[in-house]
Amino acid sequence: MADCLFCKIIHGEIPSNKVYEDDKVYAFRDINPQAPVHVLVIPKEHITSVGAAEEADEATLAACLKACAKVAKLENVAETGFRVVSNCGDDACQSVHHLHFHVLGGKKMAENMA
Ligand code: 5GP
Ligand code: ZN
């Protein structure tokens with residue numbers, strides 16, 4: 001999608017710090033990290049959010065979650081624990097409208113998620 005920040009990152013029009021990539025997924029460090037490990041996992045295909053995903057996106061969603069697990073291993077938090085978050089819509093404060101999964105780790109997280 002032409003005017004989408006994360007589509008521009010996928011296409012290399014905006015620089016990013018890559019952590020992992022495969023045919024369906026791109027993962028890169030969040031510009032404003034909220035934990036020692038804070039990586040964004042995004043599908044290469046533009047999907048707006050979890051809520052906007054359709055039946056045909058099933059394989060892409062699965063690839064994103066598999067990539068989150070892969071990123072956790074690459075970042076050495078698979079054993080200690082990590083959190084996967086996807087904000088969807090205004091009440092969740094989604095600020096970039098290209099589906100993304102935050103992979104957060106490297107510290108003890110707050111018990112309260114909201
Ligand atoms: P949201 O608030 O939509 O769940 O998450 C969007 C995330 O994208 C935020 O954590 C924000 O720091 C990150 N972000 C916004 N712009 C950029 C950018 O240009 N580069 C990178 N690497 N992260 C970004
Ligand atoms: Zn996009």
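Trainee: In this predicted model, which residue offers a polar backbone atom to an oxygen atom of ligand 1 at 2.7 Å?

Mentor: A polar contact requires a pair of N or O atoms within 3.5 Å, and an oxygen atom of ligand 1 lies 2.7 Å from a polar backbone atom that satisfies this limit. The residue that supplies this backbone atom is Ser-95.

Trainee: How much of the area that ligand 1 exposes when taken alone does the protein bury?

Mentor: Taken alone, ligand 1 exposes 520 Å², and the space that ligand 1 takes is the largest pocket. Of that exposed area, the share buried by the protein is 83%.

Trainee: Which element gives the largest share of the shell around ligand 1?

Mentor: Two elements, α1 (5-10) and β2 (25-29), each give two or more residues to the shell. The largest share amounts to three residues, and the element that gives them is α1.

Trainee: What distance separates an oxygen atom of ligand 1 from an N or O atom in the side chain of Asp-30?

Mentor: Asp-30 is among the residues that come nearest to ligand 1, together with Arg-29, Asn-87, Ser-95 and His-102. The contact made by the side chain of Asp-30 pairs one of its N or O atoms with an oxygen atom of ligand 1, at a distance of 2.5 Å.

Trainee: Of the two aromatic pairs in the structure, what geometry does the one formed by Phe-6 and Phe-28 have?

Mentor: Phe-6 in helix α1 and Phe-28 in strand β2 are 22 residues apart, and their pair links distant parts of the chain. The ring centres are 5.4 Å apart, with 85 degrees between the planes. Because an angle over 60 degrees counts as such, the geometry is edge-to-face.

Technical notes
Residues are numbered from 1 along each chain as its sequence is written. Chains are lettered from A and ligands numbered from 1 in the order in which they are written. This is a predicted model: local features need pLDDT of at least 70, side-chain atom pairs count only at pLDDT 80 or more; totals for chains, interfaces and linings use all residues. Side-chain values use heavy atoms; hydrogens and water are left out. A residue is near a molecule or strand if one of its heavy atoms lies within 4 Å of it. A polar contact is a pair of N or O atoms within 3.5 Å; within protein, one must be able to donate a hydrogen and the other to accept it, and residues adjacent in sequence count only if both atoms are side-chain atoms. Accessible areas come from the Shrake-Rupley method with a 1.4 Å probe; for residues, only the protein chains shown count as cover. On a 1 Å grid over the protein atoms alone, a cavity is a set of points where a 1.4 Å probe fits but cannot get out, and a pocket is an open set with protein on both sides within 12 Å along at least five of seven lines; lining residues have an atom within 4 Å of a point. A molecule sits in a cavity or pocket if more than half of its atoms lie within 2 Å of its grid points. Helices (H or I, at least four residues) and strands (E, at least two) are DSSP runs, numbered from the N terminus. Rings of Phe, Tyr and Trp (its six-membered ring) pair if their centres lie within 6.5 Å; planes under 30 degrees apart count as stacked, over 60 as edge-to-face and the rest as tilted.
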